[in-house]
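Biologist: I have this model open and would like to go through its side chains. Can we start with the terms?

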Amino acid sequence: MQVYSEGATHIGSRRNNQDSIYHDSERLLFVVADGMGGHAGGEIASQMVVSHFKNIPKKTLPYDKEDREIEIFFERSLNQASCDIYLKSIENPTLREMGTTCSLLWMNKMKLYCAHAGDSRIYLQRNNFLYQLTDDHSLVGEQLRAGLITEGAAKDHVLKNVITRSIGYRKQECIDTFSQDLMSGDQLLVCSDGLYNEVSAETISRVMASDKKDRTGLLVDLARNSGEKDKQKDNISVIIVSIM
């Protein structure tokens, strides 16, 4: 399996970038984390979860395990990161209640394994169709899945930034894990809400299907320049993974 990846993150119009990303085409491990918390809390939380996976030795990754064992490996690893972040926030009062989303994917033998908490997203692009693989762990996302609000109402909902699961807010979190077969030609997108809140799924799919060199940079620019000129823009993070 040959894999190409590219990634980009941008501060938007915020005072600091609380997003962190990691993409490793050798270990086939890719992470987007969108931090939250006062002062530097969100930035520290997202950096901690990314560093946690960056520092996992390649030889300890679950290459020869069954699917469910692999899912459990990443669930436990993500909860270890959650515990570390939580304990750090307890030690330092200025970091209280910091946390981060985390959307992670790992590939092995033409199979995709994902672990996810929060409202960052993982998409699969196959045959020029874009599929959202993850659920948004947010108040609005839960209302949308329950049929209580419409897609249109969700887009501009006043509480759309209220998330219901995060890494580090408490010691242990309920982590979504799943696996899926991959095909040659598939592409995967991992992103923070700073992208999909500003750029439509149709536009994202069109950019991913293009032969442009810096597609992640293009998506970031589209998010930065969308909407009203004076509108404050969130941090934006994007990873694209292509399976040859």
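Modeller: Buried means under 20% relative accessible area, exposed means over 50%, and partly exposed is in between (1.4 Å probe, protein chains only). At 2% relative accessibility, Phe 74 is therefore buried. This is a predicted model, where local features need pLDDT of at least 70, side-chain atom pairs count only at pLDDT 80 or more, and totals for chains, interfaces and linings use all residues. Residues are numbered from 1 along each chain as its sequence is written, and side-chain values use heavy atoms, with hydrogens and water left out.

Biologist: How many aromatic pairs are there in the whole structure?

Modeller: The search finds four. Rings of Phe, Tyr and Trp (its six-membered ring) pair if their centres lie within 6.5 Å; planes under 30 degrees apart are stacked, over 60 edge-to-face, and the rest tilted. Phe 73 and Phe 74 make an edge-to-face pair, with 5.0 Å between centres and 85 degrees between planes. Phe 73 is partly exposed, at 24% relative accessible area.

Biologist: Why is the pair of Trp 106 and Tyr 113 called tilted?

Modeller: Because their planes are at 35 degrees, with the ring centres 5.9 Å apart. Trp 106 and Tyr 113 are both buried. Ring pairs join Tyr 63, Phe 73, Phe 74, Trp 106 and Tyr 113 in a cluster.

Biologist: Which ring does the charged end of Arg 121 sit over?

Modeller: The ring of Tyr 196, at 3.5 Å from its centre. The rule asks for NZ of Lys or CZ of Arg within 6 Å of the ring centre and within 35 degrees of the ring normal.

Biologist: Now cysteines. How many disulfides does the count come to?

Modeller: Zero, by the rule that two cysteine sulfur atoms must lie within 2.5 Å. A disulfide is a covalent bond between the sulfur atoms of two cysteines.

Biologist: Why is there no bond for Cys 102?

Modeller: Because the closest cysteine sulfur, in Cys 114, is 11 Å from the sulfur of Cys 102, too far for a bond. Cys 102 is buried, with a relative accessible area of 0%, and Cys 114 is buried at 3%.

Biologist: On to charges. How many salt bridges does the search find?

Modeller: It finds 14 in the whole structure. A salt bridge is a side-chain nitrogen of Lys or Arg within 4 Å of a carboxyl oxygen of Asp or Glu. One of them joins Asp 234 and Arg 14, at 3.5 Å from N to O. That pair links distant parts of the chain, 220 residues apart: Asp 234 is in the loop between H7 and S11, and Arg 14 is in the loop between strand S1 (3-10) and strand S2 (19-24).

Biologist: What do the H and S labels stand for?

Modeller: Helices (H or I, at least four residues) and strands (E, at least two) are DSSP runs, numbered from the N terminus.

Biologist: Are Asp 234 and Arg 14 buried or partly exposed?

Modeller: Asp 234 is partly exposed at 22% relative accessibility, and Arg 14 is partly exposed at 35%.

Biologist: Where does Lys 111 come in, and which residue does its side chain meet?

Modeller: Lys 111 is in strand S6 (residues 111-117), and its side chain meets that of Asp 181 in a salt bridge, 3.6 Å from N to O. Asp 181 is in strand S9 (residues 176-181), 70 residues apart from Lys 111. Lys 111 is buried, with a relative accessible area of 18%. A network of salt bridges links Asp 67, Lys 111 and Asp 181.

Biologist: What does the side chain of Arg 126 make a polar contact with?

Modeller: With the side chain of Asp 186, at 2.6 Å. A polar contact is a pair of N or O atoms within 3.5 Å; within protein, one must be able to donate a hydrogen and the other to accept it, and residues adjacent in sequence count only if both atoms are side-chain atoms. Arg 126 lies in strand S7 (residues 121-126). Leaving aside neighbours within four places in sequence, Arg 126 is in contact (heavy atoms within 4.5 Å) with residues including Tyr 131, Gln 180 and Asp 181.

Biologist: Last one: which residues of helix H6 are buried?

Modeller: In H6 (residues 201-209), Thr 203, Ile 204, Ser 205, Val 207 and Met 208 are buried. The buried residues of H6 pack against several elements, among them S7, strand S8 (129-132) and helix H7 (215-224).
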